[in-house]
Amino acid sequence: MKRLLLPMLLCFALASCKWDNEQDLYSEETGNGTNCDGSTTITYSASIQPIISARCLSCHSASAASNLGGGVKLDTYQNVKVRADNGSLLGTIKHKSGYPQMPQSGSKLSSCQISLIEKWISEGTLNN
């Protein structure tokens with residue numbers, strides 16, 4: 001048993017190592033290729049809509065079952081803008097007091113994704 005333990009530990013240690021470069025280690029991505037290092041231009045179509053599609057539309061779309069999403073639809077720019085402008089979009093994704101925590105069926109959005117949405121809102125919720 002002891003003879004197998006050392007080779008197994010060595011294999012595990014080597015398999016867990018990853019050859020990363022500094023950019024991969026220290027830059028956060030949204031999952032759609034948009035970096036959160038501040039150098040990316042935030043657009044609805046390239047930055048925000050992919051996050052909404054991936055993390056929200058399973059419950060918050062016209063095609064979702066009627067009992068899902070509490071009647072909140074985020075499947076169009078205009079619907080997202082309404083929630084962004086009234087503060088409920090940020091309140092829910094940042095898990096602020098008084099707002100339901102979203103997404104309910106998964107983990108909280110990454111700090112990068114939240115930051116992109118927050119920046120998009122602060123820049124005027126443009127449909128670009």
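## Exercises on a six-helix chain

His95 lies in the loop between α5 and α6. Keep this residue in mind; we return to it in the last exercise. The model you are working with is predicted.

**Exercise 1. Work out which secondary structure elements make up the protein chain, and how much of the chain is buried.**

*Solution.* Start by counting elements: the protein chain has 6 helices and 0 strands. Read from the N terminus, the order is therefore α-α-α-α-α-α. Next, look at burial: 28% of the 128 residues count as buried. Finally, turn to contacts between residues at least 6 apart in sequence: 50% of them join residues at least 24 apart.

**Exercise 2. Check the length of helix α6 against its expected span, then find its buried residues and what covers them.**

*Solution.* Step one is the length. Helix α6 runs over residues 111-122, which makes 12 residues. At 1.5 Å a residue it should span 16 Å, and its end C-alpha atoms are indeed 16 Å apart, so the two agree.

Step two is burial. In α6, the buried residues are Cys112, Gln113, Ile114, Leu116, Ile117, Trp120 and Ile121. A general point helps in reading such a list: an α-helix has 3.6 residues a turn, so residues three or four places apart point the same way. Try it on Gln113, Ile117 and Trp120, which are among the buried residues.

Step three is the cover. Among the elements lying over these buried residues are α3 (44-55), α4 (77-85) and α5 (88-93).

**Exercise 3. Describe how α3 and α6 pack: angle, axis distance, handedness and the residues that meet.**

*Solution.* Begin with the geometry. The two helices, α3 and α6, pack at about 130 degrees, and their axes are 10 Å apart. An angle between 115 and 145 degrees counts as oblique, so α3 and α6 are oblique to each other. The crossing of α3 and α6 is left-handed.

Now the residues. From α3 come Tyr44, Ile48, Ile51 and Arg55, and these meet Gln113, Leu116, Ile117 and Trp120 of α6. Sorted by class, this contact of α3 with α6 has 6 nonpolar, 1 polar and 1 charged residues.

**Exercise 4. Is Ile117 buried or exposed, and which residues does it touch?**

*Solution.* First place the residue: Ile117 sits in helix α6. Its relative accessible area is 1%, and the cut-off for burial is under 20%, so Ile117 is buried. Leaving out residues up to four places away in sequence, Ile117 touches Ile48, Ile51, Leu89, Leu90, Ile93 and Leu109. Two of these, Ile48 and Ile51, belong to the α3 side of the contact with α6. For a view across the sequence, take Ile42: Ile117 and Ile42 are 75 residues apart in sequence, yet their C-alpha atoms are 8.5 Å apart in space.

**Exercise 5. Find where the backbone takes a positive phi or a cis peptide bond.**

*Solution.* Here is the background: most residues other than glycine have a negative phi, and most peptide bonds are trans.

- Back to His95: although not a glycine, it has a positive phi of about 60 degrees. His95 is partly exposed, with a relative accessible area of 24%.
- Pro103 is also in the loop between α5 and α6. The peptide bond joining Met102 and Pro103 is cis, with omega about -5 degrees.
- Gly124, just after α6, has a positive phi of about 105 degrees.
- Thr125, in the segment after α6, is a residue other than glycine with a positive phi near 50 degrees. Thr125 is buried, at a relative accessible area of 2%.

Key: Residues numbered from 1 in each chain as written. Predicted model: local features only at pLDDT ≥ 70, side-chain atom pairs only at ≥ 80, totals over all residues. Heavy atoms only, no water. Helix = DSSP H or I, 4+ residues; strand = E, 2+ residues; numbered from the N terminus. Expected span 1.5 Å × (residues − 1). Buried < 20%, exposed > 50% of the residue type's maximum accessible area, 1.4 Å probe, protein only. Contact = heavy atoms within 4.5 Å. Axes fitted to C-alpha atoms, helices over the stretch in contact; angles between N-to-C directions. Parallel < 35°, antiparallel > 145°, perpendicular 65-115°, else oblique. Left-handed = near helix turned anticlockwise from the far one by under 90°. Nonpolar A, V, L, I, M, F, W, Y, C, P; charged D, E, K, R; others polar.
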